[in-house]
Amino acid sequence: MYNTYIFDLDGTLLDTITDLAASCNYALRTHGMPEHSVDDVRRFVGNGVRKLMERAIPNGADNPDFDATFATFREHYMHHSLDTTQPYPGIPETLAELKAHGCRLAVVSNKMMAATVELCHHFFPDTIEVAIGEHEAEGIRKKPAPDTVFAALRELGVEKDGAVYVGDSDVDVQTAANSGLPCISVLWGFRDRDFLIQHGAKTFISAPSELL
């Protein structure tokens, strides 16, 4: 049905939550702040790591130690993003099958650009052709703005006709809408069906193989 698939990364292709929570809590602990449960961190993610830390740190960006704590998180995560992170069951096989059928595959994420590229190269070197993370410093707005999706389509050299966006969160539903793409919401990620329905999701899959 589609010839181009644009995927979110965290909660869609990769189960990253344990490593994200570990780095978040390491940074909080280092700077004498209260830590959070994995479920707390699951609720905090979706809008990029800066927003994650704004939600995790008492008083957010207004905390005088915010910048130092955020820097500690970033450094720790770049060294520990592969500690427990793995693709969800069935993801590598599904990507390989889509690729075998001639589909074009890309990732757009609000995760840091370097981490996005590193994780895609590590786990999906033969299937994901383009990986784009957060790099607003270069004038490309993060999701839910459509900028990273359009950048991925440009790098793939394809039009948005025949493309679909696949993600696990409300941010992804909004990103697809802002990009003018149909959206498939996955039910194995960081948000549940009821939450997604409340935020406009209409098409769901409960296993990667359903993409085929």
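## Reading the cavity and the cores

The largest cavity has a volume of about 230 Å³. The model is predicted.

Colleague: How many cavities of 30 Å³ or more does a search of the whole structure find?

Modeller: One.

Colleague: Which residues lie nearest the centre of the largest cavity?

Modeller: The lining has 19 residues, and Asp 10, Val 45, Gly 46, Asn 47 and Gly 48 are those nearest the centre.

Colleague: Which helices and strands each supply at least two residues of that lining?

Modeller: Helix H3 (49-56), strand S4 (104-112) and helix H8 (170-179) do. S4 gives the most, with three residues.

Colleague: How do the residues of the lining divide into nonpolar, polar and charged?

Modeller: Six are nonpolar, six polar and seven charged.

Colleague: Turning to the cores, what is the general idea?

Modeller: In soluble globular proteins, nonpolar side chains tend to be buried together. Here, the largest nonpolar core has 48 residues. Those with the most contacts inside this core are Tyr 5, Phe 7, Leu 13, Met 53, Phe 73, Phe 124 and Ile 128.

Colleague: Which helix gives the most to this core?

Modeller: Helix H1 (residues 17-30), with six residues.

Colleague: What does Ile 128 touch, not counting residues up to four places away in sequence?

Modeller: Ile 128 touches Phe 7 and Leu 13, which are also listed among the residues with the most contacts inside the core. Leu 95, Leu 105, Ala 106, Val 107 and Cys 120 are touched by Ile 128 as well.

Colleague: What lies apart from the largest core?

Modeller: Another core, of 19 residues, lies apart from it; among them are Val 130, Leu 156, Ala 163 and Ala 176.

Notes. Residues are numbered from 1 along each chain as its sequence is written. This is a predicted model: local features need pLDDT of at least 70, side-chain atom pairs count only at pLDDT 80 or more; totals for chains, interfaces and linings use all residues. Side-chain values use heavy atoms; hydrogens and water are left out. A nonpolar core is a set of buried Ala, Val, Leu, Ile, Met, Phe, Trp, Tyr and Cys residues joined through side-chain atoms within 4.5 Å. Buried means under 20% relative accessible area, exposed over 50%, partly exposed in between (1.4 Å probe, protein chains only). Helices (H or I, at least four residues) and strands (E, at least two) are DSSP runs, numbered from the N terminus. Contact means heavy atoms within 4.5 Å. On a 1 Å grid over the protein atoms alone, a cavity is a set of points where a 1.4 Å probe fits but cannot get out, and a pocket is an open set with protein on both sides within 12 Å along at least five of seven lines; lining residues have an atom within 4 Å of a point. Grid points are joined across faces, edges and corners, and a volume is the space filled by probe spheres set on the points. Ala, Val, Leu, Ile, Met, Phe, Trp, Tyr, Cys and Pro count as nonpolar, Asp, Glu, Lys and Arg as charged, and the others, Gly among them, as polar.
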